[in-house]
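This report goes through one protein chain, from its overall layout to single residues. Please keep the sequence and the 3D view at hand while reading.

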Amino acid sequence: MSATDELLNPDFPVPDELQSNIAITTIDKIYNWSRRSSMWPMMFGLACCAIEMICTAASRYDLSRFGMEVMRPSPRQSDLMIVSGTVTKKMVPQIVRLYNQMPEPKYVLSMGACATGGGPFKEGYNVVSGVDKYVPVDVYVPGCPPTPQALLFGLIAVQKKIDQQSILTVPWYQRGPSEAIPVPILGPDIIDPRQSDVIRVQAAKLATAATAVAELSGAAEA
């Protein structure tokens with residue numbers, strides 16, 4: 001039986017004037033439609049890709065067609081984090097902290113070659129080789145920098161991902177608290193606090209090996 005036949009079921013009479021105004025759908029479709037059509041990106045930029053993001057929000061490309069023109073300066077009112085530009089080791093702790101402050105559901109879009117893999121600064125001592133090592137990225141937009149059209153394509157990809165989600169399986173509706181991503185610690189290199197025990201053991205092994213080498217060198221000289 002089709003949806004139209006169900007509307008004609010005499011057990012559930014529908015007035016004639018409402019026949020063309022009733023649609024049968026699912027909660028998932030309504031829920032996802034409302035979220036995809038009112039995404040609020042976080043208003044921050046890191047480098048030159050942010051200029052292209054600003055151009056996308058201008059009148060020529062009209063980001064408001066997708067319901068994403070309201071860029072919020074507060075992470076607690078944002079749904080989408082657009083990482084636009086070079087991610088340095090100094091900025092990674094702040095980016096992770098902002099991500100943790102965003103309410104669920106939340107998404108991350110990596111904009112440009114620098115945010116995705118380090119770009120032309122990949123071998124630099126202060127540049128992270130991809131923001132996906134610290135926050136979960138949903139969509140990657142390639143380019144150096146990407147054009148506004150490329151960013152729009154990436155935003156449409158985020159909407160398509162939202163359309164495929166279900167209330168029954170999304171993690172933010174499951175029981176139990178969600179684990180926040182640990183904020184990296186600045187040092188000789190970025191350190192994940194969850195790996196502190198492993199780092200401590202490796203450092204002790206290296207120290208022991210260095211001591212043994214020094215003793216052997218001293219014995220050889222003697």
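## Terms and overall layout

Helices and strands here are DSSP runs, with at least four residues for a helix (H or I) and at least two for a strand (E), and they are numbered from the N terminus. With that numbering, Pro 105 can be placed in the loop between helix 4 and strand 2. The model is predicted. Its chain contains 7 helices and 3 strands. From start to end, these elements come in the order α-α-α-β-α-β-α-β-α-α. The chain is more spread out than a compact globule, because its radius of gyration is 25 Å, well over the 17 Å that the globule rule gives for 222 residues.

Along the principal axes, the C-alpha atoms fill a box of roughly 105 × 45 × 30 Å. Of the 222 residues, 32% are buried. Among contacts with a separation of 6 or more, 74% are between residues 24 or more positions apart.

## Surface and charge

The chain has an accessible surface of about 13700 Å², and carbon and sulfur atoms account for 60% of that surface. How many positive and negative side chains does the chain have? There are 19 positive and 21 negative ones, and the centres of the two sets are 7 Å apart.

## Helices with a buried side

Helix 2 covers residues 27-36, and its buried residues include Tyr 31, Asn 32 and Arg 35. These buried residues line one face of helix 2, since they fall within an arc of 95° when seen down the axis. The face turned away from the buried side carries Lys 29 and Trp 33, which are exposed. On the buried side, helix 2 packs its buried residues against strand 2 and helix 6.

Helix 3 runs over residues 49-57, with Cys 49, Ala 50, Met 53 and Thr 56 as its buried residues. They lie within an arc of 110° around the axis, so they line one face of helix 3. What do the buried residues of helix 3 pack against? Their partners are strand 1, strand 2 and helix 6.

In helix 4, residues 92-101, the buried residues are Val 92, Pro 93, Ile 95, Val 96 and Tyr 99. They are on the same side of helix 4 because they cover an arc of only 165° around the axis. Their cover includes strand 1 (80-84) and strand 2 (107-111).

## A buried proline in a loop

Pro 184 sits in the loop between helix 6 (148-163) and helix 7 (196-221). Is Pro 184 buried or exposed? Pro 184 has a relative accessible area of 7%, and buried means under 20%, so Pro 184 is buried.

Neighbours within four places in sequence aside, Pro 184 is in contact with Val 92, Pro 93, Val 96, Tyr 134, Ile 190, Ile 191 and Pro 193. Val 92, Pro 93 and Val 96 are also among the buried residues of helix 4. Arg 97 is 87 residues from Pro 184 in sequence, and their C-alpha atoms are 9.2 Å apart in space.

## The loop between helix 3 and strand 1

Arg 72 is in the loop between helix 3 and strand 1. With a relative accessible area of 24%, Arg 72 is partly exposed. Arg 72 and Met 42 are 30 residues apart in sequence, while their C-alpha atoms are 5.1 Å apart in space. Apart from neighbours within four places in sequence, the contacts of Arg 72 are Trp 40, Pro 41, Met 42, Met 43, Gln 77 and Ser 78.

Asp 62 belongs to the loop between helix 3 and strand 1 as well. Asp 62 is partly exposed, at a relative accessible area of 30%.

## Backbone exceptions

Most residues other than glycine have a negative phi, and most peptide bonds are trans. Asp 62 has a positive phi, near 55°, although Asp 62 is not glycine.

Which peptide bonds are cis? One is the bond from Glu 104 to Pro 105, with omega near -5°. Another cis bond joins Cys 144 and Pro 145, with omega about -10°. Pro 145 lies in the loop between strand 3 (139-141) and helix 6.

Definitions and conventions. Residues numbered from 1 in each chain as written. Predicted model: local features only at pLDDT ≥ 70, side-chain atom pairs only at ≥ 80, totals over all residues. Heavy atoms only, no water. Buried < 20%, exposed > 50% of the residue type's maximum accessible area, 1.4 Å probe, protein only. Arc of directions from axis to C-beta. Contact = heavy atoms within 4.5 Å. Rg over C-alpha atoms; globule rule 2.2 N^0.38 Å. Areas by Shrake-Rupley, 256 points an atom, 1.4 Å probe, with all protein chains shown as cover. Lys, Arg positive; Asp, Glu negative; His and termini not counted. Charge placed at Lys NZ, Arg CZ, Asp CG, Glu CD.
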